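I sat down with this one to see how its helices pack and which residues are tucked away. Here are my notes, in the order I looked things up.

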Amino acid sequence: MDSTRSSLEKSSSYFSPSERLCAVLKGIIETVIFNFLGCFNFHRLPPKPHYSFNDLDRIASTTLFSVNEVEALLDLFKKLSSSIVDDGLLHREELRLALLRTPASKNLFLDRIFDLFDEKKNGAVDFEEFAHALNIFHPRASLEDKIDFAFRLYDLRETGYIEREEVRQMLNAIILESDLQLSEEYLEAIIDKGYHHSISEFYFQH
């Protein structure tokens with residue numbers, strides 16, 4: 001036992017302090033890399049959902065779309081939802097990339113659209129949510145449903161009322177994306193006209 005210990009101490013004395021430091025750092029780096037790679041193995045993407053004809057027919061029965069139109073929407077959804085993460089879900093950044101050509105640029109109007117699409121409020125939109133949300137834009141969608149969607153779009157705080165500041169925020173977001181140059185006075189005039197319109201009570205108070 002003593003001879004073994006002495007031989008180990010003797011062999012370790014052959015390494016300089018800098019060599020010992022390098023050996024320690026190497027061990028730390030190897031541990032970090034191993035754990036980092038292990039994260040990718042642990043967080044594997046779930047399998048993408050598969051939609052059969054029966055699924056498409058069921059979705060069509062709950063919307064104004066035909067089965068063929070639902071199938072076309074599915075093709076569009078697959079393209080949009082695989083632009084960044086190919087997991088069968090549409091993420092906020094992917095919608096930004098599709099509409100703003102960049103995943104990093106934030107826009108209040110687009111974010112509100114995504115929030116309304118995200119019926120389950122889990123931060124991602126599946127195909128059924130996507131089809132249900134686009135149903136509001138169908139030519140045969142009722143005026144009442146379209147007004148309700150527009151109201152919820154502007155009701156940022158979800159209070160059941162559209163406040164003046166909420167209108168201002170949404171108009172600023174729309175103007176920013178359209179590259180329009182409007183003065184504060186003109187913007188105030190637009191907001192005032194909306195509030196004093198004959199149907200303002202119905203539109204701004206749900």
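**Entry 1: two helices side by side.** How are α6 and α8 oriented to each other? I kept in mind that this is a predicted model. I found the axes of α6 and α8 9 Å apart, at an angle of about 120°. An angle between 115 and 145 degrees falls outside the parallel, perpendicular and antiparallel ranges, so α6 and α8 are oblique to each other. I noted the crossing of α6 and α8 as right-handed. On the α6 side I listed Phe 109, Arg 112, Ile 113 and Leu 116, and on the α8 side Phe 149, Arg 152 and Leu 153. Sorted by class, this contact of α6 with α8 has five nonpolar residues, two charged ones and no polar ones.

**Entry 2: the other neighbour of interest.** Next I looked at helix α5 (residues 92-100) against helix α6 (residues 108-117), whose axes come within 10 Å and cross at roughly 130°. That angle makes α5 oblique to α6. I wrote down a right-handed crossing for α5 and α6. From α5 I noted Arg 92, Leu 95, Arg 96, Leu 99 and Leu 100; they meet Leu 110, Asp 111, Ile 113, Phe 114 and Asp 115 of α6. The contact of α5 with α6 counts six nonpolar, four charged and no polar residues.

**Entry 3: how enclosed is α6?** I checked burial along the helix and found seven of the ten residues of α6 buried, so the rest of the structure largely encloses it. The buried ones are Leu 110, Asp 111, Arg 112, Ile 113, Phe 114, Leu 116 and Phe 117. What covers them? I found that the cover includes β1 (90-91), α5, β2 (124-125), α7, α8 and α9.

**Entry 4: a buried acid.** Asp 111 caught my eye, sitting in helix α6. Its relative accessible area is 14%, and anything under 20% counts as buried, so Asp 111 is buried. Which residues does Asp 111 touch, not counting those up to four places away in sequence? I found Arg 92 and Arg 96. Both of these arginines belong to α5 and are part of its meeting with α6.

**Entry 5: the nonpolar core.** I then looked up the largest nonpolar core and found 38 residues in it. The residues with the most contacts inside it are Leu 56, Val 70, Leu 90, Phe 117, Phe 127 and Phe 130. At least two core residues come from each of α3 (53-61), α4 (67-81), α5, α6, α7 (127-134), α8 (143-154), α9 (164-178) and α10 (184-195). α4 gives the most, with six residues. I followed up Val 70: leaving aside neighbours within four places in sequence, it is in contact with Leu 56, Ile 59, Ala 60, Phe 65 and Phe 127.

**Entry 6: loop residues.** After α6 I moved into the loop between α6 and β2, where Lys 120 is placed. Lys 120 is exposed, with a relative accessible area of 55%. I still found Lys 120 touching Asp 126 and Glu 129, residues up to four places away in sequence not counted. Lys 121 is in the loop between α6 and β2 as well. Lys 121 is exposed, at 55% relative accessible area. I marked its phi: a positive value of about 55°, although Lys 121 is not a glycine. Glu 158 has a positive phi too, near 55°, and is not a glycine either. I placed Glu 158 in the loop between α8 and α9, and it counts as exposed at 59% relative accessibility.

**Entry 7: one residue in α8.** I looked up Asp 145, which lies in helix α8. It is partly exposed, with a relative accessible area of 43%. Asp 145 and Asn 135 are ten residues apart in sequence, and I noted 9.8 Å between their C-alpha atoms.

**Entry 8: stepping back.** Last, I took in the whole protein chain: eleven helices and two strands. From the N terminus the order is α-α-α-α-β-α-α-β-α-α-α-α-α. Of its 206 residues, 29% count as buried. Among contacts between residues at least 6 apart in sequence, 46% join residues at least 24 apart.

Key
Residues numbered from 1 in each chain as written. Predicted model: local features only at pLDDT ≥ 70, side-chain atom pairs only at ≥ 80, totals over all residues. Heavy atoms only, no water. Axes fitted to C-alpha atoms, helices over the stretch in contact; angles between N-to-C directions. Helix = DSSP H or I, 4+ residues; strand = E, 2+ residues; numbered from the N terminus. Parallel < 35°, antiparallel > 145°, perpendicular 65-115°, else oblique. Left-handed = near helix turned anticlockwise from the far one by under 90°. Contact = heavy atoms within 4.5 Å. Nonpolar A, V, L, I, M, F, W, Y, C, P; charged D, E, K, R; others polar. Core = buried A, V, L, I, M, F, W, Y, C linked by side-chain atoms within 4.5 Å. Buried < 20%, exposed > 50% of the residue type's maximum accessible area, 1.4 Å probe, protein only.
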